[in-house]
Amino acid sequence: MLCLPLLTHAQFQKTPWPAAQGAPVLGLTDLQGQHWTTASLKGKAVVLNFWATWCPPCKEELPSLQTLHDMGGGDPVVIGINVRETASHVRRYLASTGMNFPVVLDPQAELAKRFGITAFPTTLLIAPDGQIRWRVVGEVDWAGAEAGRWIIGLSNPRR
């Protein structure tokens with residue numbers, strides 16, 4: 001697994017999810033016990049972020065995901081996927097940072113493998129129709145204008 005270093009120019013790479021490649025079915029339970037399924041997320045934009053506490057760019061990015069979660073009021077739905085760490089470690093980290101958006105554990109990196117995630121942070125932008133539209137590798141300001149345009153664009157039909 002790769003944690004991307006801070007880059008001097010663009011901090012991320014945004015690429016379209018291949019239209020021919022379907023999205024894996026979601027069946028997730030976060031640390032608070034909330035269940036997230038493909039069906040329950042239908043009709044909502046989803047920001048699915050794969051991260052780890054040992055990844056400095058992930059830790060830099062997480063506060064903007066919290067802001068997006070707070071500002072959006074559930075639209076978009078922000079879900080963090082913590083990869084290869086224990087529940088106790090992740091809970092302590094979230095408590096120490098004051099973050100409370102939904103976080104799902106992926107201790108064996110099974111979800112990461114299903115989605116083809118090999119670098120952190122990586123975020124998948126899922127449209128209200130349930131289709132993944134974008135893969136964003138690297139650190140992003142999710143509370144910023146550019147990311148806001150990406151999320152708004154998820155409601156537009158795929159061309």
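**Group meeting: the core, a strand and a pocket**

Okay, let's start in the middle. The largest nonpolar core here has 47 residues, and the ones with the most contacts inside it are Leu48, Phe50, Ile81, Phe115 and Trp142. Keep in mind that we're looking at a predicted model. If you're wondering about the general background, nonpolar side chains in soluble globular proteins tend to be buried together.

Let's zoom in on one of those core residues. What does Ile81 touch, once we leave aside its neighbours within four places in sequence? The list goes Leu28, Leu48, Asn49, Phe50, Trp51, Val104, Asp106 and Leu111. Notice that Leu48 and Phe50 are on that list, and both were among the core residues I just named.

Next, have a look at strand E10, residues 132-138. Is E10 mostly covered or mostly open? Mostly covered: six of its seven residues are buried. E10 also has partners. Strand E2, residues 12-16, runs antiparallel to E10, and five bridges join them. If you want one pair to click on, Pro16 has Trp134 in E10 as its bridge partner. Then there's strand E9, residues 122-126, which pairs with E10 over five bridges, antiparallel again. There, try Thr122, which sits opposite Val137.

E9 and E10 form a hairpin with five residues between the strands, and in it Gly130 takes a positive phi near 90 degrees.

Hang on to Gly130, since we meet that glycine again in the second largest pocket. That pocket holds about 160 Å³ of space. Its lining has 16 residues, with Ala23, Leu26, Thr38, Ile126 and Gly130 nearest the centre. By class, the lining splits into ten nonpolar, three polar and three charged residues. That's my tour, thanks!

Notes: Residues are numbered from 1 along each chain as its sequence is written. This is a predicted model: local features need pLDDT of at least 70, side-chain atom pairs count only at pLDDT 80 or more; totals for chains, interfaces and linings use all residues. Side-chain values use heavy atoms; hydrogens and water are left out. On a 1 Å grid over the protein atoms alone, a cavity is a set of points where a 1.4 Å probe fits but cannot get out, and a pocket is an open set with protein on both sides within 12 Å along at least five of seven lines; lining residues have an atom within 4 Å of a point. Grid points are joined across faces, edges and corners, and a volume is the space filled by probe spheres set on the points. Ala, Val, Leu, Ile, Met, Phe, Trp, Tyr, Cys and Pro count as nonpolar, Asp, Glu, Lys and Arg as charged, and the others, Gly among them, as polar. A nonpolar core is a set of buried Ala, Val, Leu, Ile, Met, Phe, Trp, Tyr and Cys residues joined through side-chain atoms within 4.5 Å. Buried means under 20% relative accessible area, exposed over 50%, partly exposed in between (1.4 Å probe, protein chains only). Contact means heavy atoms within 4.5 Å. Helices (H or I, at least four residues) and strands (E, at least two) are DSSP runs, numbered from the N terminus. Two strands pair if DSSP finds at least two bridges between them.
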